[in-house]
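The exercises below ask you to look at aromatic rings and their surroundings, and each is followed by a solution that goes step by step. Please keep the sequence and the structure in view as you work.

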Amino acid sequence: GFWQLDRAAQKMAIQTAIDDRRGLTELHTEDLANTSLAAAAQHYRRIALEGHWLGKHTIYLDNRPMSTRVGFVAVTPLALPDGTAVLVQRGWLPRDQLDRTRILPIATPEGVVRVAGLVSPPPGRLYEFDAAASGVIRQNVDLGKFALETGLVLRPLSIQQTADAAVLLEHRHVVTRARQLLCSSQPGRAGSDHRDLPAGLLRRR
């Protein structure tokens with residue numbers, strides 16, 4: 001239908017933006033946008049940030065399919081030196097088919113870390129019921145509401161952590177490349193958005 005054509009057009013536009021901005025100078029922590037207008041101009045540019053993970057605020061966005069599997073996108077705020085924070089989409093995790101609430105541990109080092117990735121819009125929204133709007137596992141994350149919930153001052157964007165810097169799991173499991181998450185994070189219907197994406201998966205061995 002028309003929504004599928006629209007989704008295809010969105011993915012093509014994202015890919016074009018990624019390709020166009022790939023050769024631009026890498027941004028750094030001090031360059032990260034503070035306003036929505038400035039953020040839009042930075043979308044899909046490479047960036048290297050320094051900060052520390054706020055692991056206690058990690059959330060898992062549910063119903064985010066990858067290929068033929070259903071799972072979560074792990075999102076952790078990164079505290080920046082100026083006292084603000086930015087949400088980092090760290091990668092995709094498979095859902096436990098027997099227990100949806102059983103989530104494999106992710107590696108979240110303490111201390112100052114360097115995070116490489118692409119500047120992107122906030123995670124895409126899916127349809128949700130009220131009960132899915134909060135908690136560690138949730139359908140969506142709204143920047144304004146999450147800022148109130150956590151007390152964080154959030155930048156008006158997110159970072160798609162690149163796979164070579166985002167080995168999420170402490171054991172042998174799959175994580176996705178940043179480009180796949182960029183295409184899959186756009187708004188759409190749950191369970192129908194990401195199945196036509198290329199594989200491009202990394203495994204930690």
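**Exercise 1.** In this predicted model, find which ring the charged end of Arg 95 sits over, and which ring the charged end of Arg 90 sits over.

*Solution.* Start from Arg 95, whose charged end sits over the ring of Phe 72, 5.9 Å from the centre of that ring. Then turn to Arg 90, whose charged end sits over the ring of Trp 53 at 4.3 Å from the ring centre.

**Exercise 2.** Find the aromatic pair of the structure and work out how its rings are arranged.

*Solution.* A search of the whole structure finds one aromatic pair. The rings of Tyr 60 and Phe 72 have centres 6.3 Å apart and planes at 75°, and the pair is therefore edge-to-face, since planes over 60 degrees apart count as such. Next, place the partners along the chain: Tyr 60 belongs to strand β3 (residues 59-61) and Phe 72 to strand β4 (residues 71-79), so that the pair links distant parts of the chain, twelve residues apart.

**Exercise 3.** Decide whether Tyr 60 is buried or exposed, and do likewise for Phe 72.

*Solution.* The cut-off needed here is that buried means under 20% relative accessible area. Tyr 60, at 10% relative accessibility, therefore counts as buried, and Phe 72, with a relative accessible area of 0%, is buried as well.

**Exercise 4.** Describe the backbone and setting of Tyr 44.

*Solution.* Most residues other than glycine have a negative phi. Tyr 44, although not a glycine, has a positive phi of about 75°. Tyr 44 lies in the loop between α2 (36-42) and β2 (46-53), and with a relative accessible area of 11% Tyr 44 is buried.

Key: Residues are numbered from 1 along each chain as its sequence is written. This is a predicted model: local features need pLDDT of at least 70, side-chain atom pairs count only at pLDDT 80 or more; totals for chains, interfaces and linings use all residues. Side-chain values use heavy atoms; hydrogens and water are left out. Rings of Phe, Tyr and Trp (its six-membered ring) pair if their centres lie within 6.5 Å; planes under 30 degrees apart count as stacked, over 60 as edge-to-face and the rest as tilted. Helices (H or I, at least four residues) and strands (E, at least two) are DSSP runs, numbered from the N terminus. Buried means under 20% relative accessible area, exposed over 50%, partly exposed in between (1.4 Å probe, protein chains only). A charge sits over a ring if NZ of Lys or CZ of Arg is within 6 Å of the ring centre and within 35 degrees of the ring normal.
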